[in-house]
Amino acid sequence: MPERPTPKEVAYEVIRDELLLDGNPRLNLASFVNTWMEPECHTLIMDSLNKNYADMDEYPITTELQNRCVNMIARLFNAPIGKEETAVGVGTVGSSEAIMLAGLAFKRKWQNKREAQGKPYDKPNIVTGANVQVCWEKFARYFEVELKEVNLREGYYVMDPRKAVEMVDENTICVAAILGSTLNGEFEDVKLLNDLLIEKNNKTGWNTPIHVDAASGGFIAPFVYPDLEWDFRLPLVKSINVSGHKYGLVYPGIGWVVWRAKEDLPEELIFHINYLGADQPTFTLNFSKGSSQIIAQYYQFIRLGFEGYKKVMENCHESARIVREGVEKTRQFDIISKEKGVPVVAFSFKDPERATMAFELSKTLRRFGWIVPAYTLPADVQHIVVLRVVVREDLGRGLAERLVSHVGMALQELEASVTKSIPHLVLKIEVKPEEVGEETKVSAIVKGIHGGDKEWKKIHVSGSKTKGVC
């Protein structure tokens, strides 16, 4: 800390100049997090920056706005609640906290049931796919729950419902399905999972429930795929989380979790405090947090409405189509994302020998300003290196076309650099005259360089020369 104060103008300029070295958020195609909102919402955010949401008694209207958001989201997800009933849910700082709260509810309900049956309750587990976001691993480690992952396989990069149900046992507190995989944006088949799990529950009596991690897809499916059954229309779905700061179109710092019914959230997990002036129920992992993101979410709901959200999501999918078709035209990539899902374009090089070239392409695109991540897939498909473009509201047609153009330019640069890096090889082959015939074939192992990686290749030389150099 400096010994003396710094003039406010100087402090501002010093920090502002340093922040110029950050990447451009709008060109950050690695992130699902929203990067644009209207100026009117900026004003509301600034007006509420100094409000602590935990002070519910002091800021009752802010609390009311949060409750309205919970009710809207629960009805959007087809929760079985009456017109005058209040939904069960809470705003969080993101889907990570939301998932931990949902996981704790499942764990406590399972423990209570096992204890009442006189059975051991010290080894809970959750069944997920290996494509889950890291927050599920955090929950398992922090709260001592075994994470049983269904491995992926080539051509199928999400959890297989059949294999997931096979892994369910009497200690499974829930099966977690993902509506919008982080790896490729694909929706998992929650309907099939629900049907298969009902069959197993009927045979075993375990009543294993489902949680849907709709962090990315929760604000897409209701507007673009209204007939897709993934939410509370399925009887085993007991809780759903969604990120307001992704396709909920709010800046970072807001997530939501809603429960099917009051009985799905154990009462002993809810704390009641009164030292702020009135009885306040609270179920969060933290306490103090800003109110601005909750207010921003409410603004988006009433500003856009159902039709507005639908139009935004359709525009995102149109931009994703432009990117996908542009990538396909290069004829160098396999598309591993699906058209039905989150507007994401995930692709890998067709040629397995060029797989690691994806990392070089990512670096080259960075020079154009684009942040496009390259990463390996999880266990059993870790040999596949993927590039992923997340299309958000602020990536319109013009930027999508420019991105495709820059991908083509980056590929040309990489091809040129690879050609320059391959050395001229002179192979001297000595053959005894008596061993040579018209169809003589001589095999040799040579060391070549491709894409910066050293590889061994076997070549065959045919001919009738009896001596010399080829």
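Two strands are taken to pair if DSSP finds at least two bridges between them. With that criterion, this predicted model can be described through the partners of strand 11 and through one packed pair of helices.

Strand 11 covers residues 344-349, and 6 of its 6 residues are buried, so this strand is largely enclosed by the rest of the structure. Strand 11 pairs in the antiparallel sense with strand 13, which spans residues 385-390, and it also pairs in the antiparallel sense with strand 10, residues 333-335. The table sets out the two pairings, each with a bridge that belongs to it.

| Strand pair | Bridges | A bridge pair |
|---|---|---|
| Strand 10 and strand 11 | 3 bridges | phenylalanine 333 and phenylalanine 349 |
| Strand 11 and strand 13 | 4 bridges | valine 345 and valine 389 |

Elsewhere in the chain, helix 4 (residues 95-116) packs on helix 5 (residues 134-142) at an angle of about 45°, and their axes lie 9 Å apart. Because angles that fall outside the parallel, antiparallel and perpendicular ranges count as oblique, helix 4 is oblique to helix 5. The crossing of helix 4 past helix 5 is right-handed. On the side of helix 4, the contact is formed by Ser96, Ile99, Met100, Gly103 and Leu104, while helix 5 contributes Cys135, Trp136, Lys138, Phe139 and Tyr142. Sorted by character, the residues of this contact between helix 4 and helix 5 comprise 7 nonpolar, 2 polar and 1 charged.

Note on methods: Residues numbered from 1 in each chain as written. Predicted model: local features only at pLDDT ≥ 70, side-chain atom pairs only at ≥ 80, totals over all residues. Heavy atoms only, no water. Buried < 20%, exposed > 50% of the residue type's maximum accessible area, 1.4 Å probe, protein only. Helix = DSSP H or I, 4+ residues; strand = E, 2+ residues; numbered from the N terminus. Axes fitted to C-alpha atoms, helices over the stretch in contact; angles between N-to-C directions. Parallel < 35°, antiparallel > 145°, perpendicular 65-115°, else oblique. Left-handed = near helix turned anticlockwise from the far one by under 90°. Contact = heavy atoms within 4.5 Å. Nonpolar A, V, L, I, M, F, W, Y, C, P; charged D, E, K, R; others polar.
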